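Q: I would like to take a close look at a single part of this model and then see how that part fits into its surroundings. Please go slowly, as I am new to reading structures.

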Amino acid sequence: MNHRRITALLISLTAAASVTACGPSEDPLPGPTLPAPSTTRAFPARPKTISLKDVDPCQLLTDQQLEQLTYGKNRLPDKGSRLGEAQCSVGNDFGPMPRLGSLISLVISEDITTWLTPERQQGLEGTRQISIAGYPALEITGKLTKDDCQVVVDVADGQYLDVLAAPNHGRGASPEPYCVEAKRVAEMVMATLLAKQ
Amino acid sequence: MIPVLAATFAEQAALLRKELTKARSALRIREPWLGDPVSVEATRLFNKHLTDDELSLVNVLSQLRDQYQANYEALMAAAKQYNMVEQTNSALLERGITP
């Protein structure tokens, strides 16, 4: 009983200490433009923060960009499985082979670093740090399906852009061509996003 | 008949494109690996049905999508033969698909 009380006291003390520690850092600093370095977040700094809240993922590839990708203009919106997530599916349905498709997801309820946790890593084949439009990003290949590739781009704390590319005719043999495609789509989406800022 | 059928297959092929990429994306997040022997066996069966097996979800949906694409292309070829391309294109546009 005594031991429990001490533990409870210790927990409340730690909580109180962390609350006071958080206090001053939340004050807006007028001077520096660089984001305040977080002690818990081991991820490279991004050029500037882009909010994905209330952004329509189907507006992030222009008709010209879709043409460059040989995708059709049939953009299909959907809701994702994560809270507040918005998705848009685009792809080459009837154009020349090879036909590819991409799923653009805007995730606003999870930080990009979640992909580096052991729980998430268990389902993955590999994670590689890359850069998309100057923003830190991860190239992710899965264990269950070998013929697709995902690129996630760090745009804000607790928000990231997620592009998954996969074959849209037949099945593929390796993730490589889909990683190239996911990066290409992610670069274009970032170009549109940055132009809107 | 040809224009409506062509537009239906085009629409369904696009819907399967979306569902397939959504399934692939969800498969990375589900994290069914709990480590204990029962979970490991459950995971093996789960993966087999979703991705590994010839009759897995991803394989069957991929084949269906390919079939719908082929049906659309065959109907579009027929539409050309019967001078029904314009009607087919407007049936596609009605469903938001640019030919």
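Which residues point one way from β3(A), which point the other way, and are they buried or exposed?

A: The model is a predicted one, and β3(A) is a good strand on which to practise reading it. From β3(A), the residues Leu100(A), Ser102(A), Ile104(A) and Leu106(A) point one way, while Gly101(A), Leu103(A), Ser105(A) and Val107(A) point the other way, and all of them are buried. Such a pattern has a general background, since in a regular strand the side chains alternate between the two faces of the sheet. Here "buried" has a countable meaning, namely that 20 or more other C-beta atoms lie within 10 Å of the residue's own. Because eight of the eight residues of β3(A) are buried, the strand is largely enclosed by the rest of the structure.

The next step is to look at the sheet around the strand. β3(A) belongs to an open sheet of seven strands with antiparallel pairing, whose order is β1-β2-β3-β7-β6-β5-β4 in chain A. The edges of this sheet are formed by β1 (76-79) and β4 (124-132) of chain A, each of which pairs on one side only. From one strand to the next, the twist averages 20 degrees.

In that order, β3(A) stands between β2 and β7 of chain A, and its pairing with each of them can be followed in turn. With strand β2 of chain A, which covers residues 86-91, strand β3 (residues 100-107) pairs in the antiparallel sense over six bridges. Within this pairing, Gly91(A) has Gly101(A) as its bridge partner in β3(A), and Val90(A) stands opposite Ser102(A). With β7(A), the pairing is again described as antiparallel, and it runs over eight bridges. Here Leu106(A) is the residue that stands opposite Leu161(A) in β7(A).

A helix also belongs to the surroundings of the strand. Helix α4 of chain A, residues 176-196, lies across β3 and also across β4, β5 (135-142), β6 (149-156) and β7 (159-167) of chain A, and this helix runs at about 140 degrees to β7(A).

Finally, the strand has a part in the meeting of the two chains. In this model, 29 residues of chain A are in contact with 28 residues of chain B. On the side of chain A that touches chain B, the elements giving two or more residues are β1, β2, β3, α3 (118-121) and β7 of chain A, and among these β3(A) gives the most, with three residues. Sorted by class, that side of chain A holds seven nonpolar, 15 polar and seven charged residues.

The partner, chain B, is built from four helices and zero strands. The radius of gyration of chain B is 19 Å, well over the 13 Å that the globule rule gives for 99 residues, so chain B is more spread out than a compact globule. Taken along the principal axes, the C-alpha atoms of chain B fill a box of roughly 65 × 25 × 15 Å, and 32% of its 99 residues count as buried. One of its helices, α3 (residues 57-81), has 25 residues and reaches 36 Å from its first C-alpha to its last. The buried residues of α3(B), including Val58(B), Tyr68(B) and Leu75(B), pack against α1 (2-29), α2 (37-52) and α4 (85-94) of chain B.

Conventions. Residues numbered from 1 in each chain as written. Chains lettered and ligands numbered in written order. Predicted model: local features only at pLDDT ≥ 70, side-chain atom pairs only at ≥ 80, totals over all residues. Rg over C-alpha atoms; globule rule 2.2 N^0.38 Å. Buried ≥ 20, exposed ≤ 12 C-beta atoms within 10 Å, placed from the backbone. Pairing = 2+ DSSP bridges. Axes fitted to C-alpha atoms, helices over the stretch in contact; angles between N-to-C directions. Contact = placed C-beta atoms within 7 Å. Nonpolar A, V, L, I, M, F, W, Y, C, P; charged D, E, K, R; others polar. Expected span 1.5 Å × (residues − 1).
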